[in-house]
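Student: I have a model open and want to go through it step by step. Can we work from the overall fold down to single residues?

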Amino acid sequence: MSAAGKTSVGMIGIGYVGLVTGTCLSELGHNVVCMDIDAEKIAALKDGQIPIYEPGLPELIEKNKERLTFTTALEDIFNNCELVFIAVDTPPTFTGDADLSRVFAVMSSLPGLATGHHTLVMKSTVPVGTGNKISSELVRQDIGNIDYVSNPEFLREGSAIGDFLNPDRVVIGSRDQEAGEKVAALYKSLKAPILKTNIPTAEMIKYASNAFLATKISFINEIANVCEEVGADVTTVAEGMGYDQRIGECFLNAGIGFGGSCFPKDVTALKQLAGNSGYHFQLLTAVIEVNELQKRRVVNKLQKHLGTLTDKTIALLGLAFKPNTSDLREASSIVLASRLLGDGALVKAYDPIAIPYAAKAVRGILLCDNILSAVKDSDAVVLVTEWDEFSDLPLAEMKKLMKRPLIIDGRNFLDPQTVRDAGFTYEGIGRN
Ligand code: UGA
């Protein structure tokens, strides 16, 4: 504890989760030592350059710079901090299991470094059972005096700071009550229920939450597909369902499927985890399959209007997996663009933020600087990401520039009547 009663916290892994969590903990008054093996990233952060796009993050880092330290040396963490968060990547392996090599790399560096008492706090999403294995291993190897706490994160990209400072809940899983209390104390100024439980339960809460949200999305996407067949409107169906408090209105926006670094990875990992223990998780198998098919349905919609897509020009508005982020991981735009290119179409795209990151993620598409240059000479526009900028499209100018006035609204973001009044053919997802 520092003189002011605030804690010194270490954060290993300054990716998206580590940087946001570390910064927000500094906003709560704690001193945070942020460590990453990527020397370039740490040098940039020391220089005030923020490696990711997240609204409000640069300002919060600047505001708390006195309490934030950036380093590449693990020693700086273990010499200064009792509470050490682990926020390294756990990407999927080719089998769908989570790759824990970065977590184990941290564990293998503990002997010799962790000489005092430390509490390791797992922020990375790890398969249920990992924490208990690590705790037992720490005891077996007799590595210093180390406790282990699971503290899963529930932040959404694009609204991560608000989510951290106003959480629906904080989940803490530990074997040792005192270790759990120390982690809980970090969050005591937040008005949120703190759920204390054992380690596997905390780990499962994370997977079950993401899998349930993904299930909600695949469910409403299937309802949307049926709406198209029977002349119903999915946006009104979702509204009508959402008034029922048992269902809730959130995550019922039909569209072209979920993406991002979390849902696809975590749903597959939970299915895999169940499979590894002998249980066939049928529902999640369907959730994943529905999502894959949903990304491809837009191609059918285009073909319905344009016939063959060979030599047609399709403009994508939005590439990021959701608005307010530069993240393209598992974005529906990538699958869609690849399918269109595979069918011989020319694909152009504009995204307000993700363009500089797009060249690496999707090859072969023409990246444009603005909406009008993307839609010029196109046979159709597909709205892929619901950025604010697209809420008020320059429809009259677009119509003049396009070869055919066709808009496929992959997020049900536009007002169909306004688009039709401007002389376009409009098609959404599950809307008639
Ligand atoms: C998700 C969870 O919402 C967070 O609670 C969790 O902490 C995070 O994963 C994680 O595990 O790290 P995130 O991936 O940032 O957060 O984004 P979401 O807002 O959940 O959206 C995920 C995807 O679902 C996006 O592609 C979005 O377009 C899609 N979506 C979301 C829909 O298609 N329909 C909806 O109604 C809502």
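Tutor: What follows is a set of short questions and answers on this predicted model.

Student: How many helices and strands does the chain have?

Tutor: Both kinds of element occur in the chain. The count is 17 helices and 14 strands.

Student: What is the radius of gyration, and how does the globule rule bear on it?

Tutor: For 432 residues the globule rule gives 22 Å. The chain comes close to that, so it is as compact as a globular protein of that length. Its radius of gyration is 23 Å.

Student: What does the C-alpha trace span along its principal axes?

Tutor: Take the three axes in turn: about 70, then 50, then 40 Å. Written together, the span is about 70 × 50 × 40 Å.

Student: Among contacts between residues at least 6 apart in sequence, what share joins residues at least 24 apart?

Tutor: A contact here needs heavy atoms within 4.5 Å. Pairs under 6 apart in sequence are not part of this set. Of the contacts in the set, the share that joins residues at least 24 apart is 73%.

Student: What percentage of the residues is buried?

Tutor: Buried means under 20% relative accessible area. Out of 432 residues in the chain, the buried share is 52%.

Student: How far apart are the mean positions of the positive and negative charges?

Tutor: The chain carries 42 positive and 53 negative charges. Take the mean position of each set. The separation is 2 Å.

Student: Which residues touch the most other members of the largest nonpolar core?

Tutor: That core holds 56 residues. Apart from it lies another core, of 35 residues, including Leu-19 and Val-183. In the largest core, the residues asked for are Leu-302, Ile-314, Leu-316, Leu-340, Val-382 and Met-398.

Student: Which residues does Leu-316 contact, leaving aside neighbours within four places in sequence?

Tutor: Leu-316 sits in the largest core. Its contacts include Ser-333, Lys-348 and Tyr-350. Also among them are two residues of the core list, Leu-340 and Val-382.

Student: Is Asn-324 buried or exposed, or in between?

Tutor: Asn-324 lies in the loop between strand S9 and helix H13. Its phi is positive, about 65°. The relative accessibility of Asn-324 is 34%, between the 20% and 50% cut-offs. Asn-324 is therefore partly exposed.

Student: And Asn-412: buried or exposed?

Tutor: Asn-412 is in the loop between strand S13 and helix H17. Phi is again positive, near 50°. Most residues other than glycine have a negative phi. At 12% relative accessibility, Asn-412 counts as buried.

Terms used:
Residues numbered from 1 in each chain as written. Predicted model: local features only at pLDDT ≥ 70, side-chain atom pairs only at ≥ 80, totals over all residues. Heavy atoms only, no water. Helix = DSSP H or I, 4+ residues; strand = E, 2+ residues; numbered from the N terminus. Rg over C-alpha atoms; globule rule 2.2 N^0.38 Å. Buried < 20%, exposed > 50% of the residue type's maximum accessible area, 1.4 Å probe, protein only. Lys, Arg positive; Asp, Glu negative; His and termini not counted. Charge placed at Lys NZ, Arg CZ, Asp CG, Glu CD. Core = buried A, V, L, I, M, F, W, Y, C linked by side-chain atoms within 4.5 Å.
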